[in-house]
Amino acid sequence: MTDPRLPEALEQIREDFLALEQRDRLQLLLEFSNELPALPERYADHPDLLERVVECQSPVFLFVEVDDARIVHVFVTAPKESPTTRGFGSILVQGLYGLDVDAVLAVPQDYPLEIGLTEAVSPLRIRGMMALLGRIQRQVREKSAV
Amino acid sequence: MTVELDPTPAFTAFAHPERLVSTEWLATHLGTPGLVVVESDEDVLLYETGHIEGAVKIDWHTDLNDPVTRDYLDGAGFSKLLGSKGIERDSTVVIYGDKTNWWAAYALWVFTLFGHSDVRLLDGGRAKWEAEGRPYTTVTTVSATVDYPIVERDDVTERAFRDDVLAHLGSPLIDVRSPEEYVGDRTSAPAYPEEGALRSGHIPTAQNVPWARAVAEDGTFRPRAELEQIYFDGAGLHPDDEVIAYCRIGERSSHTWFALTHLLGLPNVRNYDGSWTEWGSLVRVPIVKGAEPGVLAH
């Protein structure tokens, strides 16, 4: 069942997770974790520019840019000791890639609850991903305001 | 079959040195028959990124907690879990994990509720193992399923419920949360998610000793003399006190329960796993705000 509110990439990620057994969902999350891109240099050298997501159990920082074409660029970083948080960040970075402001803001806040990870990682942990999405959307709102 | 104890001199001053092993001991005992190494982390994926060879994973949320009721798994569930991990009733279990063994101590406490007799903590946990450049593998350990008996969980000796805490008021309580949580400025640890307590503060008369004070820079437990300074001189406990420790959901206080019970040898320490997420939402229980322990209202 597809969710018409979801951008294509996020919908694809959701379907990929739901197609797997619980145990394999963790493995896929680990793959996402390993794929989290490194920060571009302008942020790697300036961690002060990044916003800390305090609701996550592990230190995770994010930064959002909105370019002149209103395309959103999301950057997330978390330490290697926090692969679950890295995985959450990676899903959002990949799932929101290339989207414009309206499409990012239209993503339902409960998307993290819909991808079949709640049981695999526990409800408490999935809240960290909801907080991450919420903060990305807030930054998009702030940075796209005229 | 009990695997030989770690004779590390630093442990001998502790009340129960048999509850700790060093990284060096573990490295030389890996593969010993009767020994099962368990990794228990805050991060549910950390084991998959690399773990000590032969270690099995037990997750605090997805394995040890009941998925519906706010409780731990029952005797049948524990039997099934441990059997599937290749753990027998007489196995020597060594638990280690991230965050200075915070979750490893929690797992150890749950093992204790089921009376597993030989369960030890790797002093220093993952961080020390890594700092020493010791190897990890990403090969998930496949255990042959064994029989673990169905044992009834003992919820009296090491565990306290809210009514036990109410009955205990006036006797020593240790609040192991951060000062911000104790004072009442916040209801969850700094940098941690909100876990839904409606009120903030602490249980009246509880002394605040953040759990991590029990560990040194390298993640190992502080020597006994320093622990005595912290808990006896600092928090006013006596060696024969009955104590209840609590935090937010009972994980950090498991670590303190371990230090008080096994390192300092207090005879009756219970962990209140309902902790602040329960107490801070209960109707009409007494709460104190501010940095002072406060007094009981009569």
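The largest pocket in this predicted model holds about 1,700 Å³. Of the 47 residues along its walls, those closest to the centre are Glu119(A), Asp59(B), His61(B), Thr62(B) and Asp63(B). Both chains pitch in on the lining: from chain A, helix H2 (22-35), H6 and H7 each supply at least two residues, and from chain B the same goes for helix H3 (46-49), strand S3 (56-57), helix H4 (60-64) and helix H5 (75-84). By class, the lining of this pocket splits into 16 nonpolar, 15 polar and 16 charged residues.

The second largest pocket comes to about 260 Å³. It is lined by 19 residues, and the ones closest to its centre are Glu81(A), Asp98(B), Lys99(B), Thr100(B) and Ala127(B). Here the elements that give two or more residues to the lining are H6 and helix H7 (125-131), both of chain B. Charged residues number nine in this lining, next to six nonpolar and four polar ones.

Closed-off space turns up too, with two cavities of 30 Å³ or more. The second largest cavity encloses about 40 Å³. Its lining is made up of Glu39(B), Ser40(B), Asp41(B), Asp43(B), Val44(B), Leu46(B), Tyr47(B), Lys57(B), Ile58(B) and Asp59(B). Five of these lining residues are charged, four are nonpolar and one is polar. Asp59(B) is worth a second look: besides lining this cavity, Asp59(B) is among the residues closest to the centre of the largest pocket.

How far can the model be trusted? For the complex, the predictor reports an ipTM of 0.82 and a pTM of 0.91. Chain B has an average pLDDT of 94, with 96% of its residues scoring at least 70. For chain A the mean is 89, and 90% of the residues get to 70 or more. Within chain A, helix H1 (residues 8-18) has the highest mean pLDDT of the elements, at 96, while strand S1 (residues 51-52) has the lowest, at 70. As a rule of thumb, predicted coordinates should not be read in detail where pLDDT is low.

Turning to the fold of chain A, its secondary structure consists of seven helices and three strands. Along the sequence these run α-α-α-β-β-β-α-α-α-α, so the strands sit as a block between two sets of helices. The C-alpha trace of chain A spans about 45 × 35 × 20 Å along its principal axes. Its radius of gyration is 14 Å, which agrees with the value near 15 Å for a compact globule because chain A has 146 residues. Of those 146 residues, 51% count as buried. Long-range contacts are well represented in chain A: among contacts between residues at least 6 apart in sequence, 63% join residues at least 24 apart.

A closer view of helices H2 and H4 of chain A shows some of these contacts. Ser90(A) belongs to helix H4 (residues 83-95) and counts as buried because its relative accessible area is 0%, below the 20% cut-off. Leaving aside residues up to four places away in sequence, Ser90(A) touches Phe32(A), Ser33(A), Glu35(A) and Leu36(A). Asn34(A), which sits in helix H2, is a different story: its relative accessibility is 58%, so Asn34(A) counts as exposed. Even so, the C-alpha atom of Asn34(A) is separated by 7.4 Å from that of Gly87(A), 53 residues away along the chain.

Two backbone oddities deserve a mention. Most residues other than glycine have a negative phi. Ser122(A) is not a glycine, yet its phi is positive, at about 95°. The residue lies in the loop between helix H6 (118-121) and helix H7 (123-144) of chain A, and Ser122(A) counts as buried because its relative accessibility is 4%. In chain B, Asn101(B) likewise has a positive phi, near 65°. Asn101(B) is found within helix H6 (residues 98-113) of chain B, and with a relative accessible area of 2% it is buried.

Conventions: Residues are numbered from 1 along each chain as its sequence is written. Chains are lettered from A and ligands numbered from 1 in the order in which they are written. This is a predicted model: local features need pLDDT of at least 70, side-chain atom pairs count only at pLDDT 80 or more; totals for chains, interfaces and linings use all residues. Side-chain values use heavy atoms; hydrogens and water are left out. pLDDT is the predictor's confidence in each residue, from 0 to 100. Helices (H or I, at least four residues) and strands (E, at least two) are DSSP runs, numbered from the N terminus. On a 1 Å grid over the protein atoms alone, a cavity is a set of points where a 1.4 Å probe fits but cannot get out, and a pocket is an open set with protein on both sides within 12 Å along at least five of seven lines; lining residues have an atom within 4 Å of a point. Grid points are joined across faces, edges and corners, and a volume is the space filled by probe spheres set on the points. Ala, Val, Leu, Ile, Met, Phe, Trp, Tyr, Cys and Pro count as nonpolar, Asp, Glu, Lys and Arg as charged, and the others, Gly among them, as polar. The radius of gyration is taken over C-alpha atoms; the globule rule is 2.2 Å times the number of residues to the power 0.38. Buried means under 20% relative accessible area, exposed over 50%, partly exposed in between (1.4 Å probe, protein chains only). Contact means heavy atoms within 4.5 Å.
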